[in-house]
Amino acid sequence: MRKSAARRVLGALAWVTAVVVLVGAVAGGVVLHQRGALNDVLCGGDCGDRYVSAPEDLEAPAPGDQTVSAIPSATADPAAVTQAVQGAAGQPILGPHVGVSVRELDGDELLMTSPDTFIPASTTKLLTGYAALTTLDPEERFRTTTVLDGDRLVLVGGGDPYLMATPADRGYAAPADLGTLADRTAEALVADGVTQVRLAYDDTLFTGPADNPAWEPTYAAQNQVSPITALWVDRGRVDQRRVEDPSGSAAGIFAAQLAERGVTVVELQPAPAPVDAVPVAEVEGPTVAQAVERMAVTSDNGAAEVIARHVALGAGVDPSFEGATGAVIAALEASGVETTGLVLRDGSGLSRQNRIAPSTLTSVVAAAELAAPQLTADLPVAGFTGTLVERFVGLAGRGLARVKTGALNQVHSLAGTVTTADGVVLIVAVMVDQAEIAQALDARAAVDAVVASLASCGCAA
C-alpha cells in the first residue's frame with residue numbers, strides 16, 4: 001500500500017511538473033511573440049500586422065458593436081503642439097543640435113524648431129522610397145534572365161535587390177532565386193540537346209563605383225553594406241558576410257547549380273549580353289512596391305541603394321550613386337517637396353555627408369500621403385513591427401506612431417505619422433546629430449519621447 005501510494009504521489013507530482021513546464025513554455029512563447037522575437041521562425045522576417053498580438057488590456061468591441069460617435073477634428077492647434085513637444089525636445093541628453101517639424105496631413109507646417117539640416121541616417125530611405133514609388137511603376141517586377149549568345153550562356157542581372165541563391169518562402173512577396181532560374185535554364189538547354197556551355201555574367205545595368213566614396217571605410221569591415229551591383233544573391237552576402245565581388249559570386253553559384261542539373265560550365269567570365277541574344281529563361285522577383293515596403297520595414301541599406309539606382313534608370317540618367325541621388329532629388333522637387341539645404345550622397349543614409357532638414361522629411365511624408373500612400377503604410381509601427389519592435393516601451397506612442405528610424409553614431413532620427421490622444425493624425429520628424437555617444441540608447445529613447453509627447457497630446461483645434 002505504501003509503495004502504491006508513493007507511486008501515486010510521484011505520478012501526481014510529475015503531472016503537475018509537466019503542466020507547470022507547459023504553462024511556462026506557453027507564457028514564454030507569448031512574450032517572445034509579442035516582442036517580435038519569433039518573427040524569423042513564423043514568417044522568415046517581419047511578420048506584419050496580422051501576426052501581431054493586441055495589448056493585453058485592450059478592450060476591443062465586438063464586430064457588430066462598432067460605432068463611430070464622432071469624426072475627430074482633422075486640424076491641430078499649433079500652440080498645443082508646441083507646448084506638447086517643447087519639454088521632450090529640450091532634454092539635455094539629445095545634445096545641442098535638435099530639430100523637430102510637425103505638419104498637418106495636408107502639408108501645413110505647425111511647428112519647426114530649427115531651419116538647420118541634419119545628418120539624417122536611415123530616414124533618408126523615406127526620400128528614396130518616395131522617389132521610387134512616384135518615378136517607377138509600383139507593380140513592375142524585378143527580373144533576372146539568361147540568354148544565349150551562340151554557344152555562350154549569359155546570366156543577366158536585372159538589379160533585383162532581393163534575389164536569393166535558393167528558394168525561400170517569404171509570404172506574398174516571395175523573392176526570386178537562382179536555383180529556380182537554373183531549373184528553367186537547364187530544362188530549356190537540355191531540351192535543345194545542349195549539355196555544355198560557356199557562361200558569362202552581365203551586371204552592366206548599373207554604372208559607377210560599387211562602393212560609395214562617401215561611406216566610412218569601416219563599413220565594409222563592419223558588414224554594413226555590400227558592393228552595389230545589378231547582380232547579387234542574398235543581398236551580396238555568403239553565410240551572412242559581405243563578399244567583395246557579389247556579381248562573380250552569384251555567377252559562381254549559378255554555374256554550380258547548372259552543373260547539378262546536367263549542364264557543364266567550361267568557362268566563366270564577365271561579359272555584356274548582346275541586344276540580339278536569344279532569351280532562355282527568367283525569374284520574377286518582388287514588385288517595386290513590395291521591395292520598397294521591405295526596405296522601409298527592415299531599413300535595408302543595400303536594397304535602398306539598388307532601388308535608388310532604378311530611380312535613376314527610370315529618370316533616364318546614369319545609374320550610379322551620383323545619378324541616383326540626383327534623380328531622387330529631382331523627383332522630390334517635381335512633387336513640390338521642400339528641399340532647402342538638401343544634400344544626398346547615397347540612397348540609404350549610411351553617408352555622414354547627407355544633410356536633410358526636418359521640414360524636408362515631413363514634407364515628403366505629406367507628399368506621400370497624396371501620391372504614394374503605400375509608403376507611409378509601410379513604415380514600422382511603434383512597439384510592434386520592423387525596427388520599432390522593441391521601442392516606445394511604456395510610452396504613449398506605442399501603436400500610435402508609424403515612423404522610419406535612423407541611427408548612426410551620435411545620430412538619432414524618426415519621421416512619419418503619429419495619432420494624438422484626441423484622434424488627430426500628424427506628420428512628425430525629430431532629428432539629432434550631436435547626441436552623447438556613450439548614452440546612445442538613452443538618447444534614442446529621448447527621441448521616441450518627443451513623438452510620444454504628441455501621441456499623448458490633446459492637440460485638436
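Strand β1 covers residues 98-103, and 6 of its 6 residues are buried, so the strand is largely enclosed by the rest of the structure. The model is a predicted one. Side chains in a regular strand alternate between the two faces of the sheet. In β1 both faces are covered. V98, V100 and V102 are buried on one side. G99, S101 and R103 are buried on the other.

**Partners of β1**

Strands of a sheet pair through backbone hydrogen bonds, in parallel or antiparallel fashion. β1 pairs with β12 and also with β2, as the table sets out. It also gives the pairing of β4 with β5, taken up further down.

| Strand pair | Sense | Bridges | A partner pair |
|---|---|---|---|
| β1 and β12 (residues 425-432) | antiparallel | 6 bridges | R103 and I427 |
| β1 and β2 (residues 109-112) | antiparallel | 3 bridges | V102 and L111 |
| β4 (residues 152-156) and β5 (residues 196-202) | parallel | 5 bridges | V156 and D202 |

β1 and β2 form a hairpin with 5 residues between the strands. Within the hairpin, G107 takes a positive phi near 105°.

**The open sheet**

Which strands make up the open sheet, and in what order? There are 5, in the order β8-β5-β4-β3-β9, and the pairing is mixed. β8 (264-270) and β9 stand at the edges. Each has a single partner strand, so one side of each is left without a neighbour in the sheet. On average, neighbouring strands are turned by 20° against each other, direction ignored.

β4 and β5 run parallel in this sheet, joined by 5 bridges. V156 has D202 of β5 as its bridge partner. Helix α7 (residues 246-260) packs on the sheet. The helix touches β3 (141-149), β4, β5 and β8. Its direction makes about 155° with that of β5.

**E284 on edge strand β9**

E284 lies in β9, which covers residues 278-287. Is E284 buried, exposed or partly exposed? Its relative accessibility is 38%, so E284 counts as partly exposed. Leaving aside residues up to four places away in sequence, E284 touches R141, F142, R143 and A176. A174 is 110 residues from E284 in sequence. In space the two are 9.7 Å apart, C-alpha to C-alpha.

**Helices α4 and α10**

Two packed helices are described by the angle between their axes and the distance between the axes. Helix α4 (residues 124-135) packs against helix α10 (residues 321-334) at an angle of about 70°. The axes are 9 Å apart. That angle makes α4 roughly perpendicular to α10. From α4, the contact draws on L127, T128, Y130, A131, T134 and T135. From α10 come V328, A331 and L332. By class, the contact has 6 nonpolar, 3 polar and no charged residues.

**The disulfide**

How many disulfides does the model contain? The count is 1. C457 and C459 form the bond, with their sulfur atoms 1.6 Å apart. The torsion about the S-S bond is about 105°, so the disulfide is right-handed. Both C457 and C459 are buried.

Note on methods: Residues are numbered from 1 along each chain as its sequence is written. This is a predicted model: local features need pLDDT of at least 70, side-chain atom pairs count only at pLDDT 80 or more; totals for chains, interfaces and linings use all residues. Side-chain values use heavy atoms; hydrogens and water are left out. Buried means under 20% relative accessible area, exposed over 50%, partly exposed in between (1.4 Å probe, protein chains only). Helices (H or I, at least four residues) and strands (E, at least two) are DSSP runs, numbered from the N terminus. Two strands pair if DSSP finds at least two bridges between them. Axes are lines fitted to C-alpha atoms, for helices over the stretch in contact, and angles run from 0 to 180 degrees between N-to-C directions. Angles under 35 degrees count as roughly parallel, over 145 as roughly antiparallel, 65 to 115 as roughly perpendicular and the rest as oblique. Contact means heavy atoms within 4.5 Å. Ala, Val, Leu, Ile, Met, Phe, Trp, Tyr, Cys and Pro count as nonpolar, Asp, Glu, Lys and Arg as charged, and the others, Gly among them, as polar. A disulfide is a pair of cysteine sulfur atoms within 2.5 Å.
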